[in-house]
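Thanks for asking me to look this one over. Here are my notes, in the order I would go through them with the model open.

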Amino acid sequence: MKFISHLARTVFFVQVFMVTLSACNGAQSKTVTQNSKVMTDKQHPANPYYSRTDTTSLTLSDAVWKEVLSPELYEVARHGSTEQAFSGKYWDYEGRGSYHCAACGNRLFRSDAKFVTTCGWPSFFEAVRPNSVLYRKDSSFGMERTEVVCGRCKAHLGHVFDDGPPPTGKRFCMNSIALEFDQDKASPKKRP
Ligand SMILES: [Zn+2]
């Protein structure tokens, strides 16, 4: 009888231990989910490599990029995905300022070079400086295109075509998610 009682107590403690263990697992997975959500929702994810002033070349592993970018930006910037037309926040945006690389902060385009298109992606006729973007030949999907990547971190931004307006005739067709807009500061009012 005493043995049975001891056995029952042991089984009880094992059960309590198992329940506690599964509760810990549950709490742990919940924390991971919350962290992922925070990174996805924040406009400026916690990215220690992001800088709007540093233009030196940035070479990071794919694993690091996956950690510091939101899943949506990571897919476009590092895997060359394309956002759906008319789904991005900048295709018809008209604010005055600069567009930076969303992955590393590098300045890419000025709003002065943005023009109205019906293609559904933000389009520019020139980059802010010659080396702010780089070009790669892209033969995917049976097409011959020129891919545009960030001059600092090599993030995929979009493609450039020869059907743009003057003065360059170029159309830099970009993914909104790969860009971050920085509005110009209002110039101080002059004293009368
Ligand atoms: Zn970049």
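**Notes on the fold, the sheet and the core**

1. A good place to start is the register between two neighbouring strands: phenylalanine 161 has arginine 171 of β8 as its bridge partner. Please keep in mind that this is a predicted model.

2. The same strand pair offers another landmark, since histidine 159 is bridged to cysteine 173 in β8. Strand β7 covers residues 156-161 and β8 covers residues 171-174; the two run antiparallel and are joined by four bridges.

3. On to the other neighbour of β7. Strand β6 (residues 145-150) is also antiparallel to β7, with four bridges between them. Here valine 149 stands opposite histidine 156 of β7.

4. The connection is worth a look too. β6 and β7 make a hairpin with five residues between them, and in the turn lysine 154 has a positive phi of about 65°.

5. Stepping back to the sheet: six strands form an open sheet in the order β3-β4-β8-β7-β6-β5, with antiparallel pairing. At its edges are β3 (114-115) and β5 (133-138), each of which pairs on one side only.

6. Why can β7 be called largely enclosed by the rest of the structure? Five of its six residues are buried, which is the reason for that description. For the chain of 192 residues, the buried share is 28%.

7. Next, the largest nonpolar core, which has 33 residues. The members that touch the most other members are Cys101, Ala103, Cys150, Ala155 and Ala178. At least two core residues come from each of α3 (71-79), β1 (97-101), β2 (107-110), β6, β7 and β8. As general background, nonpolar side chains tend to be buried together in soluble globular proteins.

8. Which residues does alanine 155 touch, not counting those up to four places away in sequence? They are Ala77, Arg78, Cys101, Ala103, Cys104, Val149, Cys150 and Ala178. Two residues from the earlier points return in this list: Val149, which faces histidine 156, and Cys150, which is in β6.

9. Finally, the chain as a whole. Its secondary structure amounts to three helices and nine strands, and the order from the N terminus on is α-α-α-β-β-β-β-β-β-β-β-β. Among contacts with a separation of 6 or more, 57% are between residues 24 or more positions apart.

Terms used: Residues are numbered from 1 along each chain as its sequence is written. This is a predicted model: local features need pLDDT of at least 70, side-chain atom pairs count only at pLDDT 80 or more; totals for chains, interfaces and linings use all residues. Two strands pair if DSSP finds at least two bridges between them. A residue is buried if 20 or more other C-beta atoms lie within 10 Å of its own, exposed if 12 or fewer, and partly exposed in between; C-beta atoms are placed from the backbone. A nonpolar core is a set of buried Ala, Val, Leu, Ile, Met, Phe, Trp, Tyr and Cys residues joined through C-beta atoms within 7 Å. Two residues are in contact if their C-beta atoms, placed from the backbone, lie within 7 Å.
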